[in-house]
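User: I have just opened a new structure and would like to learn how to read it. Could you take me through it step by step?

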Amino acid sequence: MQIVSQIGERTLNGLGYVGSLAALATRAAYYTLVAPFQGKPLRLQRAISQAMDTGVRALPILSLITFFIGLILALQAAYELRRFGAISAVATAVAVSMSRELGPLITAIVVIGRSGSAFAAEIGTMKVSEEIDALETMAISPVRFLVAPKFLAMMVMLPCLTIWANSMGILGGSLFGVAQADFTLRRYLQASIDSLLLRDITTGLVKSVMFGITITAVGCLEGLATAGGAEQVGRSTTRAVVMSIFLVVVVDLFFTALFFFAGSR
């Protein structure tokens with residue numbers, strides 16, 4: 001009975017956590033998309049700064065990782081395709097895998113490590129130093145002041161980073177294609193483009209938007225929930241990274257299943 005009780009308690013805690021995420025994301029969406037038209041301007045300069053930090057400064061590491069991922073995919077695909085005399089399909093395998101799945105997922109994981117953890121640490125530090133309380137005392141909503149700019153930046157930059165990651169993954173696969181599969185660079189890139197459908201690209205972009213919302217909500221919620229001293233800031237940051245990766249995978253599974261069953265009809 002104790003095990004059943006623990007399972008029930010953790011299930012309720014999990015549902016409560018998801019509800020808190022949904023509530024925070026809804027409030028951030030309101031301040032981002034609706035409030036500016038009601039005389040409550042968004043901190044656009046702060047959103048641009050967040051976009052620069054989240055997006056532009058992530059390009060070097062993201063480019064390197066996705067380039068190598070594309071090369072690894074090409075090597076693994078060629079290992080099996082060579083047995084069937086279909087090594088020319090390497091370009092298709094890499095392009096579709098990156099666009100549908102690995103591009104958005106790898107991008108999300110890199111952004112979680114760089115920005116999701118930073119969101120939790122920044123807001124958590126403000127929480128323990130009572131800066132959040134000071135904002136509320138001045139009748140300034142912490143969600144509008146802190147979360148909404150991050151929300152907008154992530155919604156814009158995650159799809160952009162995903163497109164870049166897809167391109168770098170395809171370029172990484174072309175290294176193998178040109179060296180081992182008798183492609184020219186132009187032929188490889190053309191084969192990759194021809195193999196992609198609009199649905200493959202939009203699937204990845206929709207996922208990336210949802211990943212951005214999830215990462216922002218988790219990072220900011222963990223920061224706002226920080227209580228205690230500096231030690232709790234570290235714990236909140238660690239929890240934000242772990243929960244973000246878990247929920248991104250869950251969201252990925254949900255939308256992959258959704259697109260699969262929608263496409264089969």
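User: How are helix 1 and helix 6 placed, roughly parallel or roughly perpendicular to each other?

Analyst: Start with the angle between two axes, which are lines fitted to C-alpha atoms, for helices over the stretch in contact, with angles from 0 to 180 degrees between N-to-C directions. Under 35 degrees counts as roughly parallel, over 145 as roughly antiparallel, 65 to 115 as roughly perpendicular, and the rest as oblique. Here the axes of helix 1 and helix 6 cross at roughly 85° and come within 8 Å, so the two helices are roughly perpendicular. Please remember that this is a predicted model, where local features need pLDDT of at least 70, side-chain atom pairs count only at pLDDT 80 or more, and totals for chains, interfaces and linings use all residues. Residues are numbered from 1 along each chain as its sequence is written, and side-chain values use heavy atoms, without hydrogens and water.

User: Which residues of helix 1 and helix 6 meet?

Analyst: Contact means heavy atoms within 4.5 Å. From helix 1 come L24, A25, R27, A28, A29, Y31 and T32, and they meet V143, R144, V147, A148, F151 and L152 of helix 6. This contact has 10 nonpolar residues, one polar and two charged (Ala, Val, Leu, Ile, Met, Phe, Trp, Tyr, Cys and Pro count as nonpolar, Asp, Glu, Lys and Arg as charged, the others, Gly among them, as polar).

User: At what angle do helix 1 and helix 8 pack?

Analyst: Their angle is about 105°, with the axes 9 Å apart, so helix 1 and helix 8 are roughly perpendicular too. Y17, S20, L21, L24 and A25 of helix 1 meet residues of helix 8 including I213, A217 and L221. Among the residues of this contact, 10 are nonpolar, one is polar and one is charged.

User: And how far apart are the axes of helix 3 and helix 6?

Analyst: They lie 7 Å apart, and helix 3 (residues 59-81) packs on helix 6 (residues 142-180) at about 45°. That is why helix 3 is oblique to helix 6. Among the contact residues are L62, F67 and G70 of helix 3 and W164, M168 and G172 of helix 6. This contact has 14 nonpolar residues, six polar and no charged.

User: How many helices and strands are there in the chain?

Analyst: Helices (H or I, at least four residues) and strands (E, at least two) are DSSP runs, numbered from the N terminus. The chain has nine helices and zero strands. Its C-alpha atoms fill a box of roughly 70 × 55 × 40 Å along the principal axes.

User: Which residues divide the lining of the largest pocket into nonpolar, polar and charged?

Analyst: The lining has 13 nonpolar residues, one polar and no charged.
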